[in-house]
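Reader: Before I use this model, I would like to go through its pockets and one of its helices, and to hear how each description was reached.

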Amino acid sequence: MRDYSLSHLSDQTLLRDLEAALASDRTTTAVLLAHLAEVDARKLYLPAAYPSMFAFCVHELGVSEDAAYKRIRAARTARQCPAIFAAVADGRLHLSAVVMLTPHLTPQNAEELIGAAARRTKSELEQLLAQHFPQPELPGQVRAICDPPAPALLPGQLAPEPVGAPIGQLAPGQVEAVAPRAKVAPIARQRFALQLTIGQSTYDKLQYAQGLLSHQIPVGEIAAVLDRALDSLIHELEKRKFAAASRPRPDLGRSTVGKRQIPADVRRTVWKRDGGQCTFVSDTGHRCQARSRLEFDHVDPVARGGLATVENVRLRCRAHNQYEAERTFGAGFMREKREQAQRGAAADRSRTAAREQAKDVMTALRELGFGVEQARRATSFCETLAGVTLEERVRAALRFLCPKTRTHERNHTSLVAPGPIPGV
């Protein structure tokens, strides 16, 4: 067992060993980042039954949440910019610096930015980034802050006397964020503190719900109202997700051969059987703990004739569903399928935007006095144009309907009234 008592060391030896330990720690950190980056790139957390690199670091490697986030972010950045490994190993950059540089690093500025950030403290680096990448100024705001609650006193304990101090002698404290991030923190056994900021609409809904429940729940019991609201929300989501019902009816006589649609009774049974949790299990027997982004997955794929039966359907998180598909059909095949789906989705969005613009063009032309058939023909012509703004579409439609408008526009004698085009 190692003895961590260093009282026997001389001052000079202690300082020398400290420097050596720090240098070793920096080198180890760089090596750790390289390992994390490679494990992340290979997605080795998936066969270990974890849905993400973050979950793998926290639950398998025993790293704290904050440390896992910082190291994963730094590892991914260093993989894209390998010079960071050396900068961390020799002490030019600390992990916080790497994380702060991440949003601003590009292949073009990496060398210059790493050199400028070398051996700077966090506050110095904040000033450097503010100079190179200025942010919009915050609006002036004055907000009333309530006095902090008095600390709880033990029996017989007297409250401390207030201690005054000149303003100039007070240590500067951290400025509280205007809208702190929502968080849930345990404060006692089976008790949690919820802190969040809500908008006017949510506040109005809360007050309305309190009024509706005022005969059952006291107005001040926000936690009870929230509990009721979550019960209703969960009930609706369960019905939508796996057709939960108080008196479920079996889907009798429905053929499931070659169909991706999973019957409601199968979804209900599978969800209950799998406990609303991903069923992927690693070779060591660890089961994935993911309970979000769950999907119904066919054990025997539909493409190979798999049926939508209770025995052939299971719950998988999205990460492990994709992982299983890559193991079955190959990573290249699935990557091509995903790219096709992305291109299809982009095309759908483009068609939707074009249809919306066509409606606007039609409206603008009708407001300018053109007939329905004229507006329709011009709108159809504009649909062939790509990468143009709505105003350019309308002007193209006008030139299509009135070819002589070009000459009139040059002479400023166009029949079309000047000014903004209606509807644009």
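Author: The model is predicted, and a good place to begin is α11, which gives the most to the lining of the largest pocket, with 6 residues.

Reader: What volume does the largest pocket have, and which residues are the closest to its centre?

Author: The volume of the largest pocket is about 640 Å³, and 21 residues line it, the closest to its centre being Arg-260, Asp-297, His-298, Asn-321 and Ala-325. Two or more lining residues come from each of β3 (294-298), α11 (318-329) and α12 (331-367).

Reader: How is the lining of the largest pocket divided by class, and how is that of the second largest pocket divided?

Author: The largest pocket has 10 nonpolar, 5 polar and 6 charged residues in its lining, whereas the lining of the second largest has 12 nonpolar, 1 polar and 1 charged.

Reader: Where does the lining of the second largest pocket come from, and which residues lie nearest its centre?

Author: This pocket, with a volume of about 470 Å³, is lined by 14 residues, and Thr-202, Leu-206, Ile-222, Val-225 and Leu-226 lie nearest its centre. The elements that give two or more residues to this lining are α8 (200-212) and α9 (222-242).

Reader: How do you know that the length of α14 agrees with what is expected of a helix?

Author: Helix α14 (residues 390-401) has 12 residues and, at 1.5 Å a residue, should span 16 Å; because its end C-alpha atoms are 17 Å apart, the two values agree.

Reader: What makes a residue of α14 count as buried, and which ones are buried?

Author: A residue is called buried when its relative accessible area is under 20%, and in α14 Leu-390, Arg-393, Val-394, Ala-396, Ala-397, Leu-398 and Leu-401 are buried.

Definitions and conventions: Residues numbered from 1 in each chain as written. Predicted model: local features only at pLDDT ≥ 70, side-chain atom pairs only at ≥ 80, totals over all residues. Heavy atoms only, no water. Helix = DSSP H or I, 4+ residues; strand = E, 2+ residues; numbered from the N terminus. Expected span 1.5 Å × (residues − 1). Buried < 20%, exposed > 50% of the residue type's maximum accessible area, 1.4 Å probe, protein only. 1 Å grid on protein atoms, 1.4 Å probe; cavity = no way out; pocket = protein on both sides within 12 Å on 5 of 7 lines; lining within 4 Å. Points joined across faces, edges and corners; volume = space filled by probe spheres on them. Nonpolar A, V, L, I, M, F, W, Y, C, P; charged D, E, K, R; others polar.
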